[in-house]
Amino acid sequence: MSDTASLEPRGRDTPKSRRTRARILDTAMRLFAEVGVVEATNPKIAEAAELTRGAMLYHFPDRESLISAAAAHVQAAREVLFRQAHAALPRGADAVDEAIDAYWRLLQTQPFRAFMELEAAARTDPQVGDAIRPAQAAFDRSGVGGPLLGFLQAGRDPRFQASRDLARFALEGLARTGPSYERDARVQAVLKVVKRAAHMLNRKGDVTDLWD
């Protein structure tokens, strides 16, 4: 492991320091998604980022500071992907179907997998829970991805809230624990039912049955 980031006087905010910090956080996000938060220890992240222990400690002297920064980094990456997905939605297509498909694709990406691993770790680690709670609250208040799933922003009626929650939690649960066999076919069947339920709850189109 090479020392690719020489230490500078603490407190100096230089382009080199920012690049090293970003490299650490990108590596942490990747390892969270690949092996989970518990297994992605600070030494393992330093090794994967090709940094010495001293360089790692310079930027993140303890686990708490790394988790806090990594949680914010992962959330920022998710927000970027949300904006890109919204901008890529085809004009004139069915908004409900396209947005649900887009959110399902996002759940397969590294930032979203990393955040799900942070949420899993938070169930038994209060420190991780404190780090991600602001992002969780902001995400929940945004109505699932803000403009991406804008078709579910039609007011505060419990029916619309149920539509948002159904789409979000059904897809997130499916991403966390998917089918063990015939995965593609079964996933598509669930997505189809979620789309039809969203149409029915939002009274969009002439869908009247969960199964056609």
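This is a short chat about reading salt bridges in a predicted model.

Q: What counts as a salt bridge here, and how many does a search of the whole structure find?

A: You look for a side-chain nitrogen of Lys or Arg within 4 Å of a carboxyl oxygen of Asp or Glu. Searching the whole structure that way turns up seven salt bridges.

Q: How far apart are the closest N and O atoms of Asp-130 and Arg-133?

A: They sit 2.7 Å apart, and the two residues form a salt bridge. Both belong to helix 7 (residues 126-141), where they are three residues apart, about one turn of the helix.

Q: Are those two buried, partly exposed or exposed?

A: Buried means under 20% relative accessible area and exposed means over 50%, with partly exposed in between. Asp-130 has 49% relative accessibility, so it counts as partly exposed. Arg-133, at 45%, is partly exposed as well.

Q: Which residues are linked in a network of salt bridges?

A: That would be Glu-119, Arg-168, Glu-172 and Arg-176. Take Glu-172: its side chain meets that of Arg-168 at 2.9 Å, N to O, and that of Arg-176 at 3.9 Å, N to O.

Q: Where do Arg-168 and Glu-172 lie?

A: Both are in helix 8 (residues 158-176), four residues apart, about one turn of the helix. Glu-172 and Arg-176 are also four residues apart in helix 8.

Q: Which class of accessibility does each of these helix 8 residues fall into?

A: Arg-168 counts as buried, at 7% relative accessibility, and Glu-172 is buried too, at 6%. Arg-176, on the other hand, is partly exposed, at 40%.

Definitions and conventions
Residues numbered from 1 in each chain as written. Predicted model: local features only at pLDDT ≥ 70, side-chain atom pairs only at ≥ 80, totals over all residues. Heavy atoms only, no water. Helix = DSSP H or I, 4+ residues; strand = E, 2+ residues; numbered from the N terminus. Buried < 20%, exposed > 50% of the residue type's maximum accessible area, 1.4 Å probe, protein only.
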